[in-house]
Amino acid sequence: MSAPILVAGGGLAGALMALLLARRGESVLVLERRPDPRTDGYFGGRSINLALAERGLHALRQAGLEQALLDNAVMMRGRMIHEVGETPYLQRYGKDDSEVIWSVNRGRLNQILLVAAEAAGARILFDQRVEDVNFDDRTLVAVDEKHGSAETFQFSRLIGADGAGSAVRKAMAAVVELGERFEPLGHGYKELEIPAGDNAAFRIERNALHIWPRGGYMLIALPNIDGSFTVTLFLPNAGNPSFATLTSPAAAEAFFQTDFASAISVMPEWKQDFFNNPTGMLGTLRLDRWHLDETAVLIGDAAHAIVPFHGQGMNCAFEDCIALDHLLADADTPFARFQDRRKPNANAIADLALENYVEMRDQVADEQFHRIKQLERRLADAFPTQFVSRYAMVMFHRVDYAVAKYRGAVQLDLMLQWLAQYGEPERVPLDVAHAALCAALPPFAEA
């Protein structure tokens, strides 16, 4: 019997990768460091909410799991903006409910994927910590976290889907230069919660991603199907205010009462959450090299961890899985071709995610931002085959991230010129805009 394809990591990307491979008849073994979440509960270590967009939905569609996921998700039509002292208002993501994103529980999605992967024939072992990899012999040593025993596994190919702290990446780096660099954001995050009301009622608008933008920092809340909201505070690590200054109950009370009074009115346990929950780290991981010949390859956060502000970490990782599965089925050098195809797009979405943090915390309440969004809608309605907003390209289409980044930059430059010249979005002549767009960009082509 030939050695299996070994997937290190049974999280979202690893479980989907295993499912896709097993459905094609491949022998697949998954080693996951954590306990089985179906019996021991989910210990994600990061935010339990994810924003699922078209790229992720497409991957789940390919795996036959789209409806199972949507049955466990909450639609978010747009951003509900909470300015200080103002009535909250909704900024729609798209033109209607055909352009929305979905809030999904990370643990529940992981369990759905694990069940499907096993049903397709993948073998999954939990509590398995990768200790050592011999790429020449194609063997991997894993230690059972519960019993302390070690076992050696043979593999035909190794796929590292074991997250930003990847043990497979560490093993690869010992034998080949990966060009690894981590770019810290200088901001961290803290998880809080808005609990469900009576009879699982939502205490704030259900179908929205809520944002309390405050300049250099922000609070966000994503809905859960049980009526609660997962709340995340994003704040600088140093300076004032920062996690370094909010070390006493008095300092935290003054900060939250000043900036987030409307939020803490529906968060009865916010103080306990703030002081008991860990402060998470944020940053961007980039590699020059994702693979070791055709022996091992990295996918998802193991290859390209990004900050969460465009909601694309999972979506991008799922795209990795679809691309790699196709290449493993059809290509002579799948790992090399996978890197060539996906790395420029991973770098692009990493850049866009960083830019979106500034937009979310600084710009969503800004008048110029509103004018740009109004002009975007006008142009998209008038020229749907020529103009698609950058946000829509990322969230509602599957065009390459690198293409979305480039087209978005060209379109923004043109819109800023027109607004400077004509003042208001409705005064921009559509014939002038169309001629300039056609001269600058080819028609929009879906992936």
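Start by selecting helix α3 (residues 54-62) together with α11: here α3 passes α11 in a left-handed crossing. A crossing is called left-handed if the near helix is turned anticlockwise from the far one by less than a right angle, and right-handed if clockwise. Helices (H or I, at least four residues) and strands (E, at least two) are DSSP runs, numbered from the N terminus. This is a predicted model, in which local features need pLDDT of at least 70 and side-chain atom pairs count only at pLDDT 80 or more, while totals for chains, interfaces and linings use all residues. Residues are numbered from 1 along each chain as its sequence is written, and side-chain values use heavy atoms, with hydrogens and water left out.

Stay with this pair. The angle between α3 and α11 is about 40°, and their axes are 8 Å apart. Axes are lines fitted to C-alpha atoms, for helices over the stretch in contact, and angles run from 0 to 180 degrees between N-to-C directions. α3 and α11 are therefore oblique to each other; under 35 degrees counts as roughly parallel, over 145 as roughly antiparallel, 65 to 115 as roughly perpendicular, and the rest as oblique. Now show the side of α3 that touches α11: Arg55, Gly56, Ala59, Leu60 and Gln62. Opposite them, on α11, pick Asn315, Phe318, Glu319 and Ile322. Contact means heavy atoms within 4.5 Å. By class, you get four nonpolar, three polar and two charged residues. (Ala, Val, Leu, Ile, Met, Phe, Trp, Tyr, Cys and Pro count as nonpolar, Asp, Glu, Lys and Arg as charged, and the others, Gly among them, as polar.)

Next, keep α11 (residues 313-330) and add helix α12 (residues 334-363). These two pack at about 160°, with axes 9 Å apart, so α11 and α12 are roughly antiparallel to each other. This time the crossing is right-handed. Residues to colour include Cys316, Ala323 and Leu327 of α11, and Phe335, Phe338 and Ile349 of α12. The contact has nine nonpolar, no polar and five charged residues.

Now for some rings. How many aromatic pairs does the count come to? It comes to 17, where rings of Phe, Tyr and Trp (its six-membered ring) pair if their centres lie within 6.5 Å; planes under 30 degrees apart count as stacked, over 60 as edge-to-face and the rest as tilted. Select Phe234 and Tyr357: they are edge-to-face, 6.3 Å centre to centre, with 65° between the planes. Phe234 sits in strand β16 (residues 229-236) and Tyr357 in helix α12, 123 residues apart, so the pair links distant parts of the chain.

From β16, move into the loop between β16 and α7 (249-259), where you'll find Pro241. A cis peptide bond joins Asn240 and Pro241, with omega about 0°. Then hop to Asp127, in the loop between β8 (123-125) and β9 (128-134). Its phi is near 60°, a positive value in a residue other than glycine.

Last helix stop: α15 (residues 401-422) with α16 (residues 430-440), at about 150° and with axes 11 Å apart. α15 and α16 are therefore roughly antiparallel, and their crossing is right-handed. Among the residues in contact are Leu414 and Trp418 of α15, and Ala433 and Leu437 of α16. The contact divides into nine nonpolar, one polar and no charged residues.

Finally, zoom out and colour by domain: domain 1 (5-73 + 103-181 + 283-353), domain 2 (183-282) and domain 3 (366-440). The bounds come from an automatic or database domain assignment. The centres of domain 2 and domain 3, taken over C-alpha atoms, are separated by 33 Å.
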